[in-house]
Amino acid sequence: MKKLIGLMILIGLLTMLATACSGGPAGGPGASATDAPAAEIGSGEVQLAPQLSVYNWADYIDEQVLADYTERYGVEIIYDTYASNEDLLTKLQAGASGYDVIFPSDYMVVQMIELGLLAEIDAESLPNFANINEAFKNPPYDPGNAHCVPYQWGMTGIAYRDGNPAFEAGPPNSWAYIFDKEVMAQYADEGINVLNDQRELMAAALFYLGHSPNSTDRADLEAARDLILQAKPMWKTFNSEDYYSTLMESDEIVLSHAWSGDAAQAYWNTFDEETGTGNWLFTVPTEGAVRFADNVCIPANSQRIETALHFMNYLMEAQVAAAITNFTYYPSANEAAKEFIDPEILNNPGIYPPPEVAAKLEWLTDVGDAIFIYDEMWTAIKGQ
Ligand code: N2P
């Protein structure tokens, strides 16, 4: 009963919001809120906006899922992508209005909540929230799912070109493969890429130095910066957006700091039926590596919150969430999706880590004011 009242209040509020906003950015050219279709979230009827602006990580959704949403509900999706949490934050802080749905990671959700950048939601009022795995609900970075619902998760490690002599002795399962000049000398001329992502690259350096990936100690962070700067001349590119298609699959490089699903995409995109294998493999460094969980959230300044909630609920449909994982190769936080996920993905240790790998993974957390030291280090890293 309490839930029902909560839902009714939410819907009432949303209707007021939608009414207040009609004629604003919710109405795109040639369309007004009144032309838009009505739909339901649970038992409540909602008026959908004609358009919805979705801002996501590169290649982090099956675009067919977006097309299906448009076909089903008549809402046109304006879709754009970013390369890192910090890019997303910079866009929002610059006052970018117009985004309705975004996908920040764990630690970035904390930063965004503190900055007042996220709308509050009642996740329990979305019927498909019941599909989410209990282990992903109520996360420490967003207690009570007061702002976001869980999307996909993964890990950060090293992708490498199978068959390269440098990796014949064994997988490059140490951060030395991107930081130690002597080690890199074996293959650097064939190309090394690192993620263009400040927390991720700093975390890799901090792990290698034996420090916490969430260190707030200036001395640790300066040591990480120096390690990165001495290695940088041996790297070909800083790319976290299209590295697997433009650099890995096309053999422009032989090793990359990489997100697990991106590496798996490179494997499957180069899969050869005859040999029964793909060209790219993935390993998690023994010194430790990052585990992340990305989330679906609504910017506080969205003018189409009702439609964003409706879309959020759609993304949590079991078959939709499974289609996304089957396309992106990132594990879903959606438990009900499991039965529709390709067993080859579910059983792949490079996608769903076995316990001994999972034990080496650590979350990135909000570092508070030390973020200014990270920013300073990153400016030095990118500037030189
Ligand atoms: C997909 C990006 C993965 C998200 N290209 C990393 N948090």
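## Contacts and overall make-up

Among the contacts in the chain with a separation of 6 or more, 73% are accounted for by residues 24 or more positions apart. The model is a predicted one, and its secondary structure comes to 15 helices and 12 strands. Of the 384 residues of the chain, 56% count as buried, while the surface that the chain exposes amounts to about 15600 Å², with carbon and sulfur atoms supplying 52% of that area.

## Confidence

The pLDDT averages 91 over the chain, and 89% of the residues score at least 70. Over residues 1-34, however, the pLDDT is below 50, and this stretch has 35 contacts in the model beyond near neighbours in sequence. Where pLDDT is low, the predicted coordinates should not be read in detail.

## The ligand site

The ligand is surrounded by Trp 57, Ala 58, Tyr 60, Ser 105, Tyr 244, Trp 259, Asp 262, Phe 292, Asp 294 and Tyr 330. Ala 58 takes part through its backbone, a polar atom of which is 2.7 Å from a nitrogen atom of the ligand. Two aspartates take part through their side chains: a polar side-chain atom of Asp 262 lies 3.1 Å from a nitrogen atom of the ligand, and for Asp 294 the corresponding distance from a polar side-chain atom to a ligand nitrogen atom is 3.0 Å. Taken alone, the ligand exposes 270 Å², of which the protein buries 99%.

## The nonpolar core

The largest nonpolar core has 128 residues, and those with the most contacts inside it are Phe 179, Tyr 187, Trp 235, Phe 311 and Leu 315. The element that gives the most to this core is β6, with 8 residues. For Tyr 187, the contacts that remain once neighbours within four places in sequence are left aside are with Ala 166, Phe 167, Tyr 177, Ile 192, Val 254 and Leu 255.

## Helix α7

Helix α7 spans residues 198-208, and because 10 of its 11 residues are buried, it is largely enclosed by the rest of the structure. The buried residues include the polar or charged Gln 198, Arg 199 and Glu 200, and they also include Leu 201, Met 202, Leu 206 and Phe 207.

At the N-terminal end of α7, Asp 197 acts as a cap, with a side-chain oxygen 3.4 Å from the backbone nitrogen of Arg 199. After the helix comes Gly 210, whose phi is positive, near 85°.

## Two asparagines between α4 and β6

The loop between α4 (106-114) and β6 (148-161) holds Asn 128, and Asn 145 has its place in the loop between these two elements as well. Asn 128 has a relative accessibility of 17% and therefore counts as buried, the cut-off being under 20%. Its side chain reaches the backbone oxygen of Asn 313 at 2.8 Å. Not counting residues up to four places away in sequence, Asn 128 touches Asn 313, Tyr 314, Met 316 and Glu 317.

Asn 145 likewise counts as buried, because its relative accessibility is 3%. A polar atom of the Asn 145 side chain lies 3.1 Å from the backbone oxygen of Cys 148. With residues up to four places away in sequence not counted, Asn 145 touches Ile 121, Ala 123, Phe 129, Lys 137, Asn 138, Pro 139 and Pro 150.

## Positive phi outside glycine

Most residues other than glycine have a negative phi. Asp 251, although it is not a glycine, has a positive phi of about 60°. This aspartate lies in the loop between α9 (243-248) and β9 (255-259), and because its relative accessible area is 40%, Asp 251 is described as partly exposed.

Tyr 329, which is also a residue other than glycine, has a positive phi near 65°. Tyr 329 is found in the loop between α12 (318-328) and α13 (343-346), and it counts as buried because its relative accessibility is 15%.

Note on methods: Residues numbered from 1 in each chain as written. Predicted model: local features only at pLDDT ≥ 70, side-chain atom pairs only at ≥ 80, totals over all residues. Heavy atoms only, no water. Helix = DSSP H or I, 4+ residues; strand = E, 2+ residues; numbered from the N terminus. Buried < 20%, exposed > 50% of the residue type's maximum accessible area, 1.4 Å probe, protein only. Polar contact = N/O pair within 3.5 Å; in protein donor to acceptor, adjacent residues only side chain to side chain. Contact = heavy atoms within 4.5 Å. pLDDT = per-residue confidence, 0-100. Near = heavy atom within 4 Å. Areas by Shrake-Rupley, 256 points an atom, 1.4 Å probe, with all protein chains shown as cover. Core = buried A, V, L, I, M, F, W, Y, C linked by side-chain atoms within 4.5 Å.
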